[in-house]
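Biologist: I would like to go through this structure feature by feature. Please give the general idea where there is one, then the case at hand.

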Amino acid sequence: EGAEGYVCDDGFEREEAEVVCRHLGLELRGFSTSAEMVGDATIVMDDLSCTSSAEDVSQCWYLTDHDCSNFEGVRISCVGDGA
């Protein structure tokens, strides 16, 4: 929806990280959970759940209401030339 912010790590696994990178036209290099969210820490997605066939985040399920602290963010590293 064009919102900018953090993704909470609740239920976040490799499959979700791969979809995020794919959405950007990149490949997953690595990811970590329990990352500190700094600044305003607006959380725009919680309980993100993607199938392996999802091409982008719009095809995933998630909540916009959250129960996350500032130490439940995800950090994703993607590589490639981009879309």
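**Reading the core, the sheet and the disulfides**

Modeller: The largest nonpolar core has 15 residues, and V7, F12, M45, L48, C50 and C60 have the most contacts inside it. Helix 1 and strand 3 each supply at least two residues of this core. The largest share, four residues, comes from helix 1. Keep in mind that this is a predicted model.

Biologist: What does L48 touch, leaving out residues up to four places away in sequence?

Modeller: L48 touches V7, D10, G11, F12, E16, V57, C60, W61 and Y62.

Biologist: Which residues of helix 1 are buried, and what do they pack against?

Modeller: An α-helix has 3.6 residues a turn, so residues three or four places apart point the same way. Here helix 1 spans residues 14-23, and E16, A17, V19, V20 and C21 are buried in it. The buried residues of this helix pack against strand 2 (27-35), strand 3 and strand 5 (73-79). After helix 1 comes G25, with a positive phi near 75°.

Biologist: What is the overall order of helix and strands along the sequence?

Modeller: The pattern is β-α-β-β-β-β, with one helix and five strands.

Biologist: How do I read the sheet, and which strands stand at its edges?

Modeller: Strands of a sheet pair through backbone hydrogen bonds, either parallel or antiparallel. In this model three strands form an open sheet in the order 1-3-4, with mixed pairing. Strand 1 (6-7) and strand 4 (61-63) are at the edges with a single partner strand each, so one side of each has no neighbour in the sheet. Strand 1 pairs with strand 3 (residues 43-49) in the parallel sense over two bridges. V7 has M45 as its bridge partner in strand 3.

Biologist: Is E4, in the segment before strand 1, buried or exposed?

Modeller: E4 is exposed, with a relative accessible area of 77%. Leaving out residues up to four places away in sequence, E4 touches T42 and V44.

Biologist: How many disulfides are there, and how are the cysteines paired?

Modeller: A disulfide is a covalent bond between the sulfur atoms of two cysteines. The structure holds three, and with the bonded cysteines numbered in sequence order the pairing is 1-5, 2-6, 3-4.

The disulfide of C8 and C68 has an S to S distance of 1.9 Å. The torsion about its S-S bond is about -105°, so this disulfide is left-handed. C8 lies in the loop between strand 1 and helix 1 and C68 in the loop between strand 4 and strand 5, 60 residues apart. Both C8 and C68 are buried.

C21 is joined to C78, and with -75° about the S-S bond this link is left-handed. C21 lies in helix 1 and C78 in strand 5, so the pair ties together parts 57 residues apart in sequence. C21 is buried at 0% relative accessible area, whereas C78 is partly exposed at 24%.

C50 and C60 form a disulfide with S to S 2.0 Å, right-handed with 110° about the S-S bond. C50 and C60 lie in the loop between strand 3 and strand 4, so this pair ties together parts 10 residues apart in sequence. C50 counts as buried at 4% relative accessibility, and C60 counts as buried at 10%.

Biologist: What does the radius of gyration say about the whole protein?

Modeller: With 83 residues, a compact globule would have a radius of gyration near 12 Å, and the 12 Å of this protein agrees. Buried residues make up 33% of the 83. Among contacts with a separation of 6 or more, residues 24 or more positions apart account for 75%.

How values were computed:
Residues numbered from 1 in each chain as written. Predicted model: local features only at pLDDT ≥ 70, side-chain atom pairs only at ≥ 80, totals over all residues. Heavy atoms only, no water. Pairing = 2+ DSSP bridges. Buried < 20%, exposed > 50% of the residue type's maximum accessible area, 1.4 Å probe, protein only. Contact = heavy atoms within 4.5 Å. Core = buried A, V, L, I, M, F, W, Y, C linked by side-chain atoms within 4.5 Å. Rg over C-alpha atoms; globule rule 2.2 N^0.38 Å. Disulfide = S-S within 2.5 Å.
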